Each structure stands twice: as C-alpha cells, then as structure tokens.
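Biologist: Could you walk me through this one before I set anything up with it? I'd like to go piece by piece.

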Amino acid sequence: MAGKVAAREQITLRGSASIVSEFFSYGINSILYQRGIYPPESFTREQKYGLTMLVTTDPILNNYLKNVVGQLKDWLCNHFVQRLVVVINSIETNEVLERWQFDIECDKTMTENSQPREKSEKAIQDEIRSVIRQITATVTFLPLLDAACSFDLLIYTDKDLEVPEKWEESGPQFINNSEEVRLRSFTTTIHKVNSMVAYKKIDSF
Amino acid sequence: MSVACLSCKAGYRMDDLGENTTVFSTLRSFNNFLSEGSAPLPRSSEPSSTSRMLQLQYEQMIQAEEQAEYVRSHSRIIEVEREKQKMEVSHKRARIELEKAAQTSSWNYEREADRNLELITQVKHMQEKEAEVVAKLKDQIDVNKSLKEDLGLQSKKLQDKEEKHAETNQMIDVLKSKISEQQRKQMNQEMQLTTLSTERQELLEQVEVQRKKWQEAVQRSQVLEAAQVVIAEKEQRLKDLENKITQQEQDSVIVKNMRSDLARIPELEKELRQLKEKNAYCKEMEDNNSLLKEEMESLRKKLQRLEKVKEEKVTLELEKEKLLAKLQSWENVEQTSGLNIRSPEDLSREIVLLQQRELVLKQQNSSVTTSARMLEKTRQQLQDEVLKLRTQLLSEQKKREQQEANARRMEKRNILLIKARDGMKGILDSYDNELVTNYSPQLNRRAREAEDMAQELHAHISELELEAELSVLQSQLAITDRSITNEEGNVLRQKIEELEAERSRLDQANKVLEMKLERYTLQGDYDPTKTKVLHFSMNPWSLAKEHRITEEKSLKEECEHLRERVQILEGGAVPEQGGSQTNLPPSQEIAEMRKQVNSAELKNQRLKEVFQKKIQEFRAVCYTLTGYKIDVTTENQYKLSSMYAEHQDDYLMFKATNSLGAKMQLLESDFSNSLTELINLHLHHQNSIPAFLSAITLDLFSRQTCA
C-alpha cells in the first residue's frame, strides 16, 4: 500500500492484489443488496470508486467476507486463483438460481520484486466503476428471486494448492438450463478480471 | 610609482627644455662673443685673412662647441643629478605611499576577508533558507496538487450533484407540468361528468317516456296482433273464394271456346280439301324444280371448267411465246458465240468440253495449293531452327563469357599465386643468403607449408571450377526440369487443394469447439486436472441450511408437544397422569376452564328450569282465563282445544299468516265443520277471532250446563 500511495501511476503485485480483492469485497456486497439476499435495511452507504456503495452491517456476514477476501488476496499475490464465483441458491429447494462468475487472468511473470507497471489509479477506478454500474443494471433483466435465498463463494484454484484450515473442496454448482451474459472487464495490467452472470431460464408455459 | 615617474619625466623635460634654452642662450652668447671678438679681424685681411679668419673662426667654433658640449654635459649631469634626487624623493614618497597603500590594502583585505566570511556565512544561511523554502515550496506544491485534486473531485461531485439537481429539477418541472395537466384533465373530466350527469338525467327522463310509449305500443301491438289473426283468417277465406271464382271463370271461358270451335268445324273441312289439292300440285312442282336445279348445277360446273380451261390456255399461250423467244435466242447463240452451234447437241458437246477443261484446271489448282503449303511448312521449320540456333548461340556466348570470366579469375589467381610463390622464393632466397645451415630445417618447414598452401589453393581453384560447371549444369537442368515437373506440379496442386479444404474444415471445427468452450466457461466449467473448487466451510448457504434444519426440528418437536397436550386435554378425566413437567402448569388452566364450563352449564340448567316453570304457569293461567289450551303442533300452526269440549278430538287449528302472529287463519277440522254459523257470523262478518272463540266457549258452556 505504501508503494501505491507514494507514486500513483505505478502498480506493484501487492497493490494489484489489494485493488482486486477490494473490488470483490464491494462487488459481492453490491450483488447481495441488489438481489435482495439480505434485507436492505441491513446495508449502509459508503463512498468508493466515485459511487455510493452499499455495504452490509451484519457482523457474521462481514466476518465471513473478511475471511474469504483476505485469503483471496493472499492467493492473488501467488497466482493461485483462477476464478471467483458467487452462487445464489434457494434455501427451500436447494437449487442454484444464479451464478456470478469472475475470471482472473494474472501475468505469471510478475513477482514481488519485479518492476512496477505503469497504469494510473484513476483509469482502474473508472473501469471498476463501469463494471459495478453494469452489475447494478443487470437487475433489469434478471428473473425475480421470489423465495428466500442464500449465497456461497467458490474460488477456483490450482489443483496442487494446499487447502487451508477452514476451507474445503466443493462442487462447481452449475445451473442446469441456464442463460449466460458476459459483462465488462477491468485490468490493472497485472490482473485482469472478466465478469459474467448465468441465471436459470424461466420455464414459459 | 608610475605617476611619480611620469611627473619626474615631465619635470625633466620641462627642465630639459629650460636648460636647453639656457644652453642655447649660452651658446648664442658665446657665439656672439666670438663674433664680436672676431668682428674686427675679418676686415683687416680679406683674401688670405679670410682663410685664416675662417680657420680661426673654425677653430673658435670648434672650441666653442667643445665648451658648449662640456657645458652641456655638465648641465646634463646637474640635471641628471637633480633628476636623480627628485627621483629618489619621489621614490621615497612612492615607497611611503606604497606602504600606506599596502597597509590600507591589507586592512581593506582583512576587512574584505571578514566581510567575505560574513557574506559566505550569510550565503550559506541564505542557501539553507532557500533550500528550506524550496522544500516548503515543494510541499506546498504537493499540498496544492492534492488540494487541486480534491477540488477537482469535489467539483466533479458538485457537477454530479448539480446534474442530479438539474435532472431532479427537470423531473420536478415535468411532474409539475404533469400535475397541472392532470388537474386540467380533472377539471375537464369533472365538467364532462356534470354534463354527462345532466345528459344522463335527461336520457333517463327520455327513457321513462320511451318506456311508457313502449308499454302503450306493446298494448297496441297486442291488440293489433289479435286483429291480424282475425284478418289472416278472413284473408284465407277470401283466397279460397277467389280460387273458386277463377276456376269457374276458366270453365266458362273453356265452354265458350268450345262453342266457337264447334262452329268453325265445317269451314275447316272445306279448307282441308282445298289445301290437299294445293299440296298435290305443290309436290309436282317441287319435283320439277329439283330436276331443273340439278341441270342448272351441272351447267354451272361446266362453266367453271371452261373458265379454267380458258385461263390455262392464256397461260399456255404466254409460255409458248416465252419458249419461242428462248428458242430464238438459243438459235441466235450460234450467231453470238461464234461457235459451230446449230442445235442443242452442239451446245451440250461444248459444255462437256468446258467441264473437262474445268476439271483439269481444278487439279492444277489443288496441286499448286499443296505445294504452297509444303513450302510454308518448310519455311516455318527453318524459322524455328533459326530461333533455336540463335538461343543456342546466346547460351554459348554466355557460357563463353562465363568461362572467360572464370579463366580471367583463374589467371588472376594464378598471377597472385605466382607472386606469392615468387615472394616465398624470394624469402627463401633471402633466408638462404642471410643465414647458413642453422635455419634450414625451419626453411624447409616453411617451404613445405608454402607448398601445402599452394596445393590447397589448387584444390580450391579446382573446386571453384567444378562449382562453376555445376552451376551452369544446374541452370541447364532447371530449364529442363521445368518441363518435366509440370505433371508433378499438377499432382502437388491437387494435394494443396485437398489440404486447404481440410484446413478450412478444421478451422470451422475449431471455431465450433471454441464457441462450445466459451459457453462452458461461461457456465462455469473447469478442467479438473488443473483446477479445484474451494469454499469456506462456514459459508452462509450451509449456515442457512443448518438453520433451516434446526427450525424444522424445533417446529416438529413443538408440534409433537402440542399434539400430546391436545390428547391430554381431550382425555380430560386424568390430567395428572402425564408425569411430564409440561403438563403441570397447564393443568391449572384446565381446572379453571372446567370450573368455568361447569358454572356455565349450571347457569344454563337453572335458566331452563326457570323458563319451564314460567311457561307452565303462563299456559295454565291462559287455560283457566281464556278456556282454551293452545298447543303448537307445527311451525305457525296452533291447536286450540276448549275446556268445555264434548270430545277430546274437538279442536280448532289456526295458522299464522304473518310471521309475528298478528294475522291468523282458521284451518278446516271436524269440529270447525260443525261451527259454520258461528264462523260466518264472527269471522266473515265481524272479522273477529276472539269473538268467535268466546262464542264457542259460551255455546259449549251452555250445552254442558244444560246437559
């Protein structure tokens, strides 16, 4: 972080990992608010990326997000992460209704000691802002989530990664009969994040 | 010092001039003295004295000059001494001044050195201050930049806010306009409503009027329908009668016609006879006519044939004339052609001769054309040969040139080699000349080396020659190869086309697979050998599931508990036997509830008893006071039996027509049939049931007492 503040035009590996994990933290909060997974009164407003972002105040949820995002940041510095998926499923029927998938392409040649890359923080913020705005706009065409829903965060990592203590392996939680939409992407020149959303097709009679 | 010197020199010059003037003045005085002294002498002797005078003068002059020179030098010495003194004085002065100046300059120097130090320290201070100021400046600049950025951000925020404000204002304006429009619309609609309501009222009135009219019309229509039915029947009768009338008229007409016909019959018979006679006559005439017609037709045909014959004759005459002309021309041919022709046979002979000549000429023509073609072929062959020879010439010229060039190169190399060899020889010779035997092995070695070099060079040259020949041969081969490899080229082209077709197919398959891959990655597919999926154990979904399961369990337990309680409550008599702790607290409630229930039941029972008593009392009182026992048999039907009834079956039935029982009707019964007089009197005329009942009582009472 010190390196990012001193020279605003240069991005190190650590700086890029922190930008990406921060984006995920705010992006997941935004998705939870937009899709109504948690009641809207449990969210508070914060200013970030030049927008008014909604962040949850539920302590259990905050703790969970901190754990996941912290581990993700650590893995990002070591190029272990390939994908992050937010899975939204119905509590009653236990079936997957939506899948928000974020592919992460990282430049493997970049290490802790490599020369920092040139990209202005403002440009990255603009790209992130457009991605968040697009996530907000997708609400218009996504199908309504009637029943009570819950969510889970899946991380696709390298096969030979050591599984940490509180983590476990899981299935990919595909949606059968899905529609997919590709959204915008942003890049810090070290990590590139592609976003897409898949939702269950509504059966029409 | 220099100033002092200059002043000294100037003084010297001035003195010199002054002394020069004194010297000149002394010289002049001396010369004047000499001239005065010598003045009388020149007058005494003129010719020889002049020379002596002259000599004397000359000697005087020389002496004077010597004295002058002595004086001059003396004066000069004095001057110089004076100058020297002056110089010394000036020197001293200068020295003093110099010392003073040196002192002052040293003091100045010290002062200036001090000043320099001070200035240097000041400069250092200033530099430090400058550096500080520069640092401050930079900080301030950074601060300024940050502030500017903040300002920019804030200005952007402001702009966004302003834009939002503007948008909201626009929205507000739009909404206000919409509201005003809506209000206008509302006003309009209210106006319309009022107008419509008034119209509606009017229309309702009209509707009523129309309804009345309609009712009248309905009545009228009914009346009209009845009338129409009657009219229809009458019309039918009219039609029947009219039919009968027409039939009768037709019969009368027929009868009339029959009468007229009968009257006509004799006339008709007469006419028949006449007509038969005419018929026979006509038939005869017809036969004649037909015969005549046939004759006429035959004559016509003959006419036509004759006309045709005439025409043919005309044409034949024309042809005859033509043929005669031809004959004459043929006969004249003899005269015109000049040949011995008198008859067509001669002509044919001549023709045959001409044809034979023609055949001969054609043969000659064909032979000539074949020879011409042969010549052309030979000419083309010769041209081709010429071209080939020219190309061969050119190629051979090129070869020759190449070989000449090679030969030149070889010669040059030869020359170089010869030179090298000569050089080496020279070296060897020189070595031989200079040194004796000690260096011979080395020289031999060198000679061997040189020979090896020469051999290598020879080999190299031969290789190059071979390469040159090979290149020439290859070029020749290439020319020949091109012709041979056309077939191979076709085969290769086919192969290339096949491969390109395969490549395009593979490209399409590749594209399809890439699209599938893209779809699968969008759906979240992954390669299990390289990736695995992890998630946090304590994730919200599993927590929600567990929560749900626990909720279900708790709900089920509650359900079971409640069912047990319900069963216990329904059991009722043995509440305490449950033995579970949950039953003890509710049993108090159950006991209270039971007490309440019992008390309510007791109350009910008491009320019932009280009501029954009261009712019985009331009924007994009614019976004794009015003399009738009133029973309710069925709903709304009341059976009255009198106290003084003679039989037990004598009863009256009344039915309540009104729900309140205000109006009653008497029903038929055996007893009532025997009371028709009373019924007529009291019920039909007086319309009073109490009077009727009291009359019956009196009547029965009187019967009882009497009997």
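Modeller: One term before we start: two strands are said to pair if DSSP finds at least two bridges between them. With that in hand, in strand 10 of chain A, His191(A) is the bridge partner of Cys106(A). Please keep in mind throughout that this is a predicted model.

Biologist: How many bridges join strand 5 of chain A to strand 10 of chain A?

Modeller: There are nine, and the two strands, residues 96-106 and residues 191-200 of chain A, run antiparallel.

Biologist: And what is the order of the open sheet?

Modeller: The order is 8(A)-1(B)-7(A)-4(A)-5(A)-10(A)-9(A), seven strands with antiparallel pairing, one of them being strand 1 of chain B. At the edges are strand 8 (167-169) and strand 9 (178-187) of chain A, each of which pairs on one side only. Ignoring direction, neighbouring strands of this sheet are turned by 25° against each other on average.

Biologist: Which strands does helix 2 of chain A touch?

Modeller: Helix 2 (residues 13-34) of chain A packs on the sheet and touches strand 4 (81-90), strand 5, strand 7 (149-158), strand 9 and strand 10 of chain A, with its direction at about 20° to that of strand 10 of chain A. Helix 3 (residues 59-77) of chain A lies across several strands, including strand 8 of chain A and strand 1 (531-536) of chain B, and runs at about 15° to strand 7 of chain A.

Biologist: What is the mean pLDDT of chain A?

Modeller: The mean is 88, and 95% of the residues of chain A reach 70 or more. Among the elements of chain A, strand 2 (residues 43-48) has the highest mean, 93, and helix 1 (residues 2-6) the lowest, 46. Over residues 1-6 of chain A the pLDDT is below 50, and this stretch has three contacts in the model beyond near neighbours in sequence. Where pLDDT is low, the predicted coordinates should not be read in detail.

Biologist: Switching to chain B, how far does helix 4 reach?

Modeller: Helix 4 of chain B, residues 344-434, reaches 131 Å from its first C-alpha to its last, which is close to the 135 Å expected for its 91 residues at 1.5 Å a residue. Its buried residues are Asp346(B), Leu347(B), Glu350(B), Asn406(B), Met410(B) and Leu417(B).

Biologist: Last one: is Ser641(B) buried or exposed?

Modeller: Ser641(B), which sits in strand 3 (residues 637-642) of chain B, counts as buried because its relative accessible area is 15%, under the 20% cut-off. Leaving out residues up to four places away in sequence, Ser641(B) touches Tyr623(B), Gly627(B), Tyr628(B), Lys629(B), Asp650(B) and Tyr651(B). The C-alpha atoms of Ser641(B) and Tyr651(B) are separated by 4.6 Å, although the two are ten residues apart along the chain.

Definitions and conventions. Residues are numbered from 1 along each chain as its sequence is written. Chains are lettered from A and ligands numbered from 1 in the order in which they are written. This is a predicted model: local features need pLDDT of at least 70, side-chain atom pairs count only at pLDDT 80 or more; totals for chains, interfaces and linings use all residues. Side-chain values use heavy atoms; hydrogens and water are left out. Helices (H or I, at least four residues) and strands (E, at least two) are DSSP runs, numbered from the N terminus. The expected span of a helix is 1.5 Å times one less than its number of residues. Buried means under 20% relative accessible area, exposed over 50%, partly exposed in between (1.4 Å probe, protein chains only). Contact means heavy atoms within 4.5 Å. pLDDT is the predictor's confidence in each residue, from 0 to 100. Axes are lines fitted to C-alpha atoms, for helices over the stretch in contact, and angles run from 0 to 180 degrees between N-to-C directions.
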